[in-house]
Amino acid sequence: MPHSQSSAPRGRVRLARGASPWLLPTVATAAVSLARSRRSGRWAAVAVPTTALAAGMLWFFRDPEREIASGRVISPADGVVQSIMPWKDGRTRVAIFMSPLNVHVNRAPLAGTVTSVEHIPGGFVPAFNKESENNERVVWHFDTELGDVEMVQIAGAVARRIVPYVPQGTKVEQGERVGLIRFGSRVDVYLPEGVEPAVEVGQATTAGVTRLDRG
């Protein structure tokens, strides 16, 4: 049966943790320009783009509640399956590209214990580019009922910060929020050996909802 990770009323959308360094200055600037636009045409011209930018930021950093689906491995990210690649060790990498229009809060693909959270410095080429393999990233390992499961958050051309929500040693539920990538980016999940993917390249995914493994 699907289980819920929601503690808020259904339909309510909250803002992502880690959004404030970008969101607060933008909203404050929009508020000031709107207030001053009543007395100045110059400020009115400023108010239009700043208000649009603030609205865009609020949309980008949305963090909707989800009814978590059942399944051994579920998608950690909203986006589109970019590639499905067999790995030499028997695992299968499912890469999910997240556009700036997607929700950028990532969720645990399985229940288990976070055994490591490793930040690896790197570049910032577009996440859909092959060269993004060398981008800034955070590598997660989860000790689960399927064994060790690896998930990688990869920064894109605009995303310059990955914000982990939980530290090493934390026990997480499947679908629990574990981190945020600011702006366009990618999330890879390595399905353990023997676990077949249930998604296809080009398929849209929803974090906490789309099942990645074939049952």
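Leaving aside neighbours within four places in sequence, which residues is V152 in contact with? In this predicted model, the contacts of V152 are R137, V138, V139, R186, V187, D188 and Y190. V152 lies in strand β10, which spans residues 147-155. With a relative accessibility of 2%, V152 falls under the 20% limit and therefore counts as buried. One of its contacts, D188, is 36 residues away along the chain, yet the C-alpha atoms of V152 and D188 are separated by 5.0 Å.

The chain as a whole comprises two helices and 15 strands. Of its 215 residues, 47% are buried. The exposed area of the chain is about 10,600 Å², of which 57% is supplied by carbon and sulfur atoms. Among contacts in the chain with a separation of 6 or more, 71% are accounted for by residues 24 or more positions apart.

Eight of the strands are arranged in an open sheet, in the order β12-β8-β9-β10-β14-β6-β5-β15, with antiparallel pairing. Its edges are formed by β12 (171-172) and β15 (204-205), each of which pairs on one side only. In general, the strands of a sheet pair through backbone hydrogen bonds, in either a parallel or an antiparallel manner.

Within this sheet, β6 is flanked by β14 and β5. Strand β5 (residues 79-86) and strand β6 (residues 92-98) run antiparallel and are joined by six bridges. M85 has R93 of β6 as its bridge partner, and P86 stands opposite T92 in β6. The hairpin of β5 and β6 has five residues between the strands, and in it G90 adopts a positive phi near 100°. Toward β14, strand β6 pairs in the antiparallel sense over seven bridges. R93 takes part here too, with Y190 as its bridge partner in β14. Strand β6 is mostly covered, six of its seven residues being buried.

Two aromatic pairs were identified. In one of them, the ring centres of W87 and Y190 are 5.4 Å apart and the planes meet at 80°, so the arrangement is edge-to-face. This pair connects distant parts of the chain, 103 residues apart: W87 belongs to the loop between β5 and β6, whereas Y190 belongs to strand β14 (residues 185-191). The two partners also fall into separate burial classes: W87 is partly exposed because its relative accessible area of 31% lies between the limits of 20% and 50%, while Y190, at 8%, counts as buried. The rings of W140 and F142 form a further pair, with centres 5.9 Å apart; their planes are at 5°, so this pair is stacked. Both W140 and F142 are buried. Y190 thus appears in several settings: as the bridge partner of R93, as the ring partner of W87 and as a contact of V152.

Beyond the strands, N102 is located in the loop between β6 and β7 (105-107). The side chain of N102 reaches the backbone nitrogen of S99 at 2.8 Å. Not counting residues up to four places away in sequence, N102 touches F60, R62, D78, G79 and F97. Among these contacts, G79 is at the start of the range of β5 (residues 79-86), and F97 falls within that of β6 (residues 92-98).

Key:
Residues numbered from 1 in each chain as written. Predicted model: local features only at pLDDT ≥ 70, side-chain atom pairs only at ≥ 80, totals over all residues. Heavy atoms only, no water. Pairing = 2+ DSSP bridges. Helix = DSSP H or I, 4+ residues; strand = E, 2+ residues; numbered from the N terminus. Buried < 20%, exposed > 50% of the residue type's maximum accessible area, 1.4 Å probe, protein only. Contact = heavy atoms within 4.5 Å. Areas by Shrake-Rupley, 256 points an atom, 1.4 Å probe, with all protein chains shown as cover. Phe/Tyr/Trp six-rings, centres within 6.5 Å; stacked < 30°, edge-to-face > 60°. Polar contact = N/O pair within 3.5 Å; in protein donor to acceptor, adjacent residues only side chain to side chain.
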